[in-house]
Structure formats: C-alpha cells, structure tokens
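Visitor: I'd like a close look at one single part today rather than the whole tour. Could you put it on screen and then talk me through its surroundings?

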Amino acid sequence: MTAVIYDRPVHALDAYLRRERMPHIWCPGCGLGIVVNAFLRSLIKSRLDPDKVAVVSGIGCTGRAAGYIKLDSFHTTHGRAIPFATGLKLANPELKVVVISGDGDLAAIGGNHLIHAARRNADITVLCVNNFIYGMTGGQVGPTTPMTARTTTSVGGNIDEPFNIPYLVAASGAAYVARWTTAQVGRLEKSIREALLKKGFSLVEIISPCPTYYGRMNKQRTGLEQMKYYRDNSIVKSGIDPKHAAIEFNGQIIVGRFVE
Amino acid sequence: MSGDDACAEGAISAGCRFFAGYPITPASEIAERMSERLPEVAGTYIQMEDELASLAAVLGASWGGVKAMTATSGPGFSLMMENLGLGIMTETPCVIVDVQRGSPSTGLPTLSGQADMMQARWGSHGSYSIIALAPDSPQELYNLTIRAFNLSEKYRLPVLVMTEAATGHMYEKVMIPPVNEIEIVQRRRPVVPPEEYLPFQPDADKVPPMASAGEGYRVHVTGLTHDERGYPAMTAAAQDRLVRRLVDKVEQNSHDIIDVEEDGLEEAEIVVCSYGISARVSRIAVEQAREEGIRVGMLRLITVWPFPEARIREISTQTRAFIVPEINYGQISLEVERCACGNAMTVPVSHMGGGVHSPDEILRAIKSVLK
C-alpha cells in the first residue's frame, strides 16, 4: 500500500522533501506529518531562499524531521540541537536556522540550552513538538506529561508538574512565543511564518498526537480521537500572559501568540 | 606569553574564527584571549552555558564553513565526549584543547595532570580513531594548535591538543612567524554540482570533500550510521563500511600525522619515552644519566594519537627497556608495553598529579633497569 502512495509522481512539497527516504518512520495518526507540512508551507510563504535555510534536530521522533526535509539539515545529539544551531547561525549569519525537535529533547535533556538561547535572544526559530511523552523509546513520562497522565514509566499516573513551555521561554526572554495544536493548521502555519521572519529567538510549541503511546494509555486511542480532543478543548487566547497557559490532564489547551 | 595565550594565538594564526567555551581552570585564559582577539579578526566568541553546548556550537559553526575551536579541562572534557562522538561520526573539522589538571572529578583544578590521555583516545562511545597532539612548551602550544587545525581540516575530524596546567600557565618567549610563512590547510570542497554530490563519498585518502550549509548542496548530516548520501542506513553492512573508514582514514594516513622527536636512540640501552611537560623533565634526567655514562635515548611523543606503534616496536628490538614518565597511574605506558611486544621491558614512572616529576625519580627508574 505505502509503495503505491509514495509512487505518486507529484506532491506540492516534493521539492522540499527527500522523497527517496519515504516512507518515513512515523506511526499512523502521528502529528509530525502535519508539522512538517505546516513548516514547509510556511517556509514557502515566507519567501526565504531555501538554500539559505538550515534545519537542525535533536533526537527522538521529531528529531527525524531534519532527515526528511530537503534543506541543509542536521540530526545532532540528544538535547543539543539549539547550541548546534546557535553555532551554525553565528558562523554564517546569512542563514535562517530552524530547530525542529521534541519536548523531551528540548525541555528535558536540552532544557538548559533552551532557556539560555532564549535569554541571549539567539536569532533562531524553534519548533517544539509536544506530544506529552517520549515516543521513540516507548512512551515514558517526560517533562511535559500532564499530572496524573499514564505512561509506561508512570503507570499509576504522573506525579510531577509539567513544564509550561511558552511560559518558560517567555520568562527567559524569547522574542516570539506561540502555541498551537495540530488541529489549527491555518493558524499554526501563519505563526511559523511569523516566527521565521522574526528577528531574535522565536518558539512555536505544537501540541501533537502520539496515539501509539500517549493516546493508547490515556483513553485517546487514535490520532483522530486526539485531534478531536484538541479541536474541542483548544481556546485561543492570544496576548495573554503564558503563565496562565498551563496544561492539565484532559483539560483545556490555551493556544495563541503569547509574545510577539 | 603563557602557553594558554600562545594556544589562542596559534588558533588565530591557523584561521580559527569561532570559539565557544565555558570557563574552567586552567584553560580559561584561552577563552579570555579569544574573546579579545576574535572580534579583531571578524571572528565570533560566544560563552555557552556548559561544555555540552560549547562543543555543539563549535560543530555547528564548522558546518557554517568556519574554523572553530573550544578549550577546556578534565571535567569539561568529560562533558564533551558526547559531541566528540558526533564530530567523529559527522566528520566535522574542529579543535579541542584540554589543559589537563589533577583528577578524577574536580581533582586539582590549578595543578597539573596527564590523566586524560586514554579518555582522549577512547572517551566517547564507539570504535573510532582520533588525533591528539602533546606540546611541551608555550612555543609548541602555538605551533601544534596550528597543526591541529591543519590536520582537522585535512582529515575531517575533531583534533585534540592535550596539554597540562604546567604548560598552559608557563610563561616563555613565543615566536610568531609572519603570516605568509605559516602553512595553512583548508578543507577540501566539493567540485561537483549539488545534484551529483554525495556528502560522505570519500576520495582516495578516505576523506570526503565537505560542503557547508548555505551553499546550495542541501546536505543531510546525522550521528546515525549513514551511507554516502548521508542518509541513515540501519544495517550491519553500512556500519561496517562507515566505521572502518572513520578509523582507516586516520590509521592509513598515520605516516603523515605521527610526529616524534628522537634523540640518541642509536645504541641506546634504555629509552625514555614521554610527552608534554613530563618529556621536558625527562630530558634533564636523560642528560644526567648520560653524564654518568649510561646510554639513554629519548623518544618524545609529539603526536600521541594515533600511537607511533611501528616505531616503538622497531625500537623495542634494539633496547632493553622503555622508561615512561607521565602524570597518571600508567596510561601511555600501557600502549608502549603493548607495542614493545615483550621485546623490551616497560617501566612506568607514575606521578598522581599536582606537580611534575623530579628528574631524580626518572633517573632512579633508569638505573633500576641496570641493576
């Protein structure tokens, strides 16, 4: 089946994808296809010269994004995408450097780099894909897992508070901060475009389904169910102080542009 | 000037235009001087949040087309092992200076050690080969920092300069030659258009030409095992091809990389083999022994990795013993012993760090063999 799908000769984004690497490794129902799609469409609309755009990823499911995008692309070590991107940007300021990585990569093992890049207002754009869990390694609890949510290492429910990523990076000094879910593709694309064109440190958090692990363990068994949850529970509150945008288990998801 | 300052000047002479680092004794003076010097030559200095980030930024800068370096000491060197592996795997030219201090852990921050030598060789996980140079004076820190950049650009890998607190903080006269007298090597660039370019297809010397980001080649670079296109290849065959090449490109070019200083090895009954500050002290002991009529040769390792295996084996058939003074509990002495293949005895002269050997200790070791 997959062979038939990927043998289709033309896709609107073919020029920006490493087609020879398809099919990708992401599970059915995963939100990462939506994220890559939104990024590439935003990139085209931004009119940036694609030869002057580099993508840097860390490790994890989202970390694989760099490998599918046909730009100069770097799949680095776990958590270190942001400092790698910082060095790349400083060495060649002509480049637009975009980090695409997951919540575990950016907020746990790379958390120190995240806040320091925001503090020094590094001129890079970060797309932080937050699926509430470590997907690649089999669904373990992470720094963004909502309290009480079940994972393969918190089967009785997570006992720790999660990071509120927009609040964290806004407090650290980021120039542009937004959050959307994969259910608001139009607004997500617009936001990524704004982030790409913003001078300084910009971050877009993208809440994205992981039905294989997060959904399965928390009564949202398919990507579709997770998308319906996002659709029914997202509330746009652009301009609010992101400290009021904390995410609770199965609760409302405050989305919008918080800093611009 | 100090050894640390000479190191920074060597980097500037070599064309280094990016430094990312984190303060650490006894290497901080390198960062301090680079923070002053780089803006004068349109370069960039950035102080990162830790050594993980420092080396990550250096690798990023190298892919941005700029010669880049960092400098640290043991605790920071430990943190850099992660991205050292990424640098090896992605064949990223850069220079890492380790001004060694007493260890393990926080150890003796202001005092010398040479106990990171095996970490330099094997510290990051996996099979790989590395290049490490060991200067014995501020002048040589200047010279070898330039050589480290040249080797890293030529062979596309991180190159280590392994010095120690005593040399880094030593003040001596350093001659900086005119710019046109310094041999500078630039990385090989692709000569084919982007559609024909395979970023990890090596030339005959096993080193692939390197494109930088922003040149239109749209390279993919990954720490995963990859094929010639740079794409992940999760097979034993791809692993075999890649890992063998990463090792072979160093080992098969070792004749070009290895540099040793030999003195009086002909008919030497005993050979003192050492490096860095310990070699400097050894020289005094060798001279004293010669005055007493003992036939002692001196082999100073300027390149420590790759190890001058063939030369040591050769010498081992012509001498009774190797005396190996070093500021650790025996690291390079194990290599000497391995390469001597039992032909000659190996006598380590260990100093645990915090100072340097006294020539007497080395002299005693020389005489112990003659008893």
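Visitor: Which strands of chain B does helix α10 (residues 276-291) of chain B lie across?

Guide: In this predicted model, helix α10 of chain B lies across three strands of that chain, namely β10 (270-274), β11 (296-301) and β13, and runs at about 170° to β11(B). A second helix, α13 (residues 359-370) of chain B, also packs on the sheet, where β10, β11, β13 and β14 of chain B are the strands touched, and the direction of α13 makes about 160° with that of β14(B).

A few conventions before we go on. As it's a prediction, local features need pLDDT of at least 70 and side-chain atom pairs count only at pLDDT 80 or more, while totals for chains, interfaces and linings use all residues. Residues are numbered from 1 along each chain as its sequence is written, with chains lettered from A and ligands numbered from 1 in the order in which they are written. Helices (H or I, at least four residues) and strands (E, at least two) are DSSP runs numbered from the N terminus. Contact means that two C-beta atoms, placed from the backbone, lie within 7 Å. Axes are lines fitted to C-alpha atoms, for helices over the stretch in contact, and angles go from 0 to 180 degrees between N-to-C directions.

Now the sheet under those helices. It's an open one of 5 strands, in the order β9-β11-β10-β13-β14 of chain B, and the pairing is mixed. The edges belong to β9 (260-263) and β14 (345-350) of chain B; each has a single partner strand, so one side of each lacks a neighbour in the sheet. From one strand to the next, the twist averages 20°. Strands count as paired if DSSP finds at least two bridges between them. By that rule β13 (residues 321-326) and β14 of chain B are a parallel pair with 6 bridges, and within it Ile323(B) has Val347(B), in β14(B), as its bridge partner.

How does this fit into the rest of chain B? The domain assignment gives domain 1 (3-177) and domain 2 (262-370), with bounds taken from an automatic or database assignment. The C-alpha centres of these two domains of chain B lie 26 Å apart. Across the boundary, 25 residues of domain 1 of chain B are in contact with 22 residues of domain 2 of chain B. On the domain 1 side, β5 (108-112), α5 (117-122), β6 (131-133), β7 (158-164) and α7 (165-168) of chain B each supply at least two residues. The largest share there is that of α5(B), with 4 residues. By type, that side of domain 1 has 14 nonpolar, 8 polar and 3 charged residues. Here Ala, Val, Leu, Ile, Met, Phe, Trp, Tyr, Cys and Pro count as nonpolar, Asp, Glu, Lys and Arg as charged, and the others, Gly among them, as polar.

Stepping back, chain B has 13 helices and 14 strands. The radius of gyration of chain B is 21 Å, in agreement with the value near 21 Å that a compact globule of 371 residues would have; the radius is taken over C-alpha atoms, and the globule rule is 2.2 Å times the number of residues to the power 0.38. Along the principal axes, the C-alpha atoms of chain B fill a box of roughly 70 × 45 × 40 Å. One backbone oddity to flag: the peptide bond from Trp305(B) to Pro306(B) is cis, with omega near -5°, and Pro306(B) sits in the loop between β12 (303-305) and α11 (309-316) of chain B.

Lastly, the neighbouring chain. 29 residues of chain A are in contact with 34 residues of chain B. On the chain A side, β2 (72-75), α4 (81-91) and α6 (111-119) of chain A each supply at least two residues. α4(A) gives the most, with 8 residues. That side of chain A divides into 10 nonpolar, 11 polar and 8 charged residues. There's strand pairing across the chains too: β2(A) and β8 (residues 220-222) of chain B run in the parallel sense over 3 bridges, with His75(A) opposite Thr222(B) in β8(B).
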